[in-house]
Amino acid sequence: MSYLALARKYRPRKFEDVMGQGHVVKALSHALDGDKLHPAILLTGTRGVGKTTLARIIAKCLNCDAGVSANPCNVCSACREVDEGRCVDLLEIDAASNTGVDDVRQVIENAQYAPARGRYKVYLIDEVHMLSKSAFNALLKTLEEPPPHVKFILATTDPQKLLVTVLSRCLQFNLKRLPVSVIRDQLAKVLDDEAVTYEIAALTEIARSADGSMRDGLSLVDQAIAFSGGQGLKREGVEEMLGTTGRQTLFEILAALASGDPDALLACIQRLEEQAPDYGALLNDLAGHLQRIAVLQLLPNARAEDDDAALVELKDRMGREDVQLYYQIAVLGRRDMPWAPDPRMGFEMTLLRMLAFRPGSAPAQSAGSTPQARSAPAAAGGGRAAAAAPAVAPAVTPAAVATAPARTPPSILLRPDAAWDERVEALGLDGFTKPLARNCVWSGREGSTVSLTLDSRLKHLLQESRRTAIEQALSAQLGEPIRLQIEIATAPVADTPVELDKQRATDRQRNAEAAIDVDPVVRAFKDMFGATVRPGSVQPLDS
């Protein structure tokens, strides 16, 4: 006897065996128990989630010898014929092969005849979106008013291509993509029944590659069994079969990026090159990992049992801005990969961009540009700047190096009564640290403690690393160590540097428009030709 594929051998025979589609099963069960099933049903969803399976179960429910119900007996001749694919009253039509209006007319003509032996004649039209427009139009009247003994079940993976007139005549059920955990657990049950040994990690890899499709998962298990040669399913073998051997290395790559370790990153790239993976798929997986890290950072309660422990650990080691930047670079790198000299170079260059543009990373020094060489001209440039420098520079800790801005704050002291907006511009801040400082107001100073108040609308900018960066820069500016406190205002603040700049810009615009109005040349054009000044065309000169 020929081998029966697992996807066919373990096809669900009743509603309770259908995995992950409880919302559809519940509605269909209620309708069938009362023999009130709609004459036209549309099942939508990606491949391998149970559209055809549900249609066959519905056919059994309608024609079972025990009567119409949501629980067919599965032992009568009608049920067995459906399961064995030889039921004359279940007509499965592949719309991809029968797309023309003549094919549909034949269906319409045959629908007028009573079923051969069951209660209902069930038409299953698979991939119905492939029908031509004329074929759809020919089917409309029959869909709206079919004979009482006919049920239509339409199935498609692309409902957007269906005419609105068809959708309005059908009861639509959208089948969901199956989560990794559901596919993995079902694969484990199948392998237990088949007496095949396996590792859970191997099944998880297969479930991920199935991409929401139970049928694809079972097909991959068939392939993995053949690949293993009867030795059981192990993670290493499954990764080799799927071409995902570098997936675990991705966590090490993310860890190297989180710590800014170029040596570790290079070691990971070399290890991947030995494995000869699919670099495009790896870049997709990398973007997926970064997206999941971003979700876990912003929504801690969204953690799922399928999240890898290494991924969960990385969410606390990577900054939120870093994750967003890395994700964008990964997506753009995937887009540009076809233009790279080869996929490995495209993947490697994407990782190097992440490392090079990592927020807070200092620019690389060119040859001969040592700190001593750069400071020599400044020392020889005159004594006035050197004399103004404080006698003792503030101590710089390793933590400060990691969080402080790339530019060194100027050491020339401002006047004691300098306004906060003047101080902010002289601090030399960059990144998201500068917007944080510019949306604060100076609340006061008591001893070595300086207090700022943050505009409540920008409270999301407040992070400890940024507060520390401002504290370090302000200490250097004041020439003494200070402790910085930032409190969030209970209401919007009107006199922050940002708001003051907006007000200055508004005043400059108003003055510029007023100057144009009194300009003698402009007034002459208005008086002689009825000219008008086009709104928005007046721009103030940069101050």
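In this predicted model, the side chains of glutamate 16 and lysine 14 come together in a salt bridge, with an N to O distance of 3.9 Å. That value sits just inside the rule applied here, since a salt bridge calls for a side-chain nitrogen of Lys or Arg within 4 Å of a carboxyl oxygen of Asp or Glu. Lysine 14 is partly exposed, its relative accessible area being 33%. Pairs of this kind are easy to picture: side chains of opposite charge can pair when their charged atoms come close.

Across the whole structure, the search returns 36 salt bridges. One of them joins glutamate 194 to lysine 9, at 2.8 Å from N to O. This pair links distant parts of the chain, 185 residues apart: glutamate 194 belongs to the loop between helix H8 (180–193) and helix H9 (200–210), while lysine 9 belongs to helix H1 (residues 6–9). Glutamate 194 is partly exposed, with a relative accessible area of 25%, and lysine 9 is also partly exposed, with a value of 41%.

Lysine 9 appears again in the surroundings of aspartate 222, a residue of helix H10 (residues 214–228). Which side chain of opposite charge is nearest to aspartate 222, and how far away is it? It is lysine 9, at 9.0 Å; aspartate 222 is buried yet has no salt bridge. Because a salt bridge requires the nitrogen and oxygen atoms to lie within 4 Å, a separation of 9.0 Å leaves aspartate 222 without one. Leaving aside residues up to four places away in sequence, aspartate 222 touches Tyr3, Ala5 and Leu6.

A salt bridge within a single helix is found in H17 (residues 343–356). Here arginine 344 pairs with glutamate 348, and the closest N and O atoms are 2.6 Å apart. The spacing in sequence fits the helix nicely: the two residues are four positions apart in H17, so about one helical turn separates them. Arginine 344 is partly exposed at a relative accessible area of 23%, and glutamate 348 is partly exposed at 23%. Elsewhere, salt bridges join up into a network that links Asp421, Glu425, Lys434, Arg438, Asp501 and Arg504.

Turning to the rings, the count of aromatic pairs comes to three. One of these is formed by tyrosine 123 and phenylalanine 152, whose ring centres lie 5.4 Å apart with planes at 20 degrees, so the pair is stacked. Tyrosine 123 sits in strand E3 (residues 121–126) and phenylalanine 152 in strand E4 (residues 150–156), and the pair thereby links distant parts of the chain, 29 residues apart. Both tyrosine 123 and phenylalanine 152 are buried. Another pair is made by tryptophan 420 and tryptophan 442; their ring centres are 5.8 Å apart and their planes stand at 50 degrees, so this pair is tilted. Tryptophan 420 lies in helix H21 (residues 420–426) and tryptophan 442 in strand E6, so the pair ties together parts that are 22 residues apart in sequence. Buried or partly exposed, where does each of the two fall? Tryptophan 420 is buried, with a relative accessible area of 7%, whereas tryptophan 442 is partly exposed, with 33%.

Strand E3, the home of tyrosine 123, is mostly covered, five of its six residues being buried. E3 is joined to strand E2 (residues 90–94) by five bridges, and the two strands run parallel. Within this pairing, leucine 124 of E3 is the bridge partner of glutamate 92.

Strand E6, which carries tryptophan 442, belongs to an open sheet of three strands in the order E6-E7-E8, with mixed pairing. Strand E6 (440–446) and strand E8 (483–488) each have a single partner strand and stand at the edges, so one side of each is left without a neighbour in the sheet. On average, neighbouring strands of this sheet are turned by 25 degrees against each other, direction ignored. E6 and strand E7 (residues 449–454) run antiparallel and are joined by six bridges; among the residues involved, valine 441 has threonine 453 in E7 as its bridge partner. Helix H23 (residues 464–478) lies across E6, E7 and E8, and runs at about 130 degrees to E8.

Notes:
Residues numbered from 1 in each chain as written. Predicted model: local features only at pLDDT ≥ 70, side-chain atom pairs only at ≥ 80, totals over all residues. Heavy atoms only, no water. Pairing = 2+ DSSP bridges. Axes fitted to C-alpha atoms, helices over the stretch in contact; angles between N-to-C directions. Contact = heavy atoms within 4.5 Å. Buried < 20%, exposed > 50% of the residue type's maximum accessible area, 1.4 Å probe, protein only. Lys, Arg positive; Asp, Glu negative; His and termini not counted. Phe/Tyr/Trp six-rings, centres within 6.5 Å; stacked < 30°, edge-to-face > 60°.
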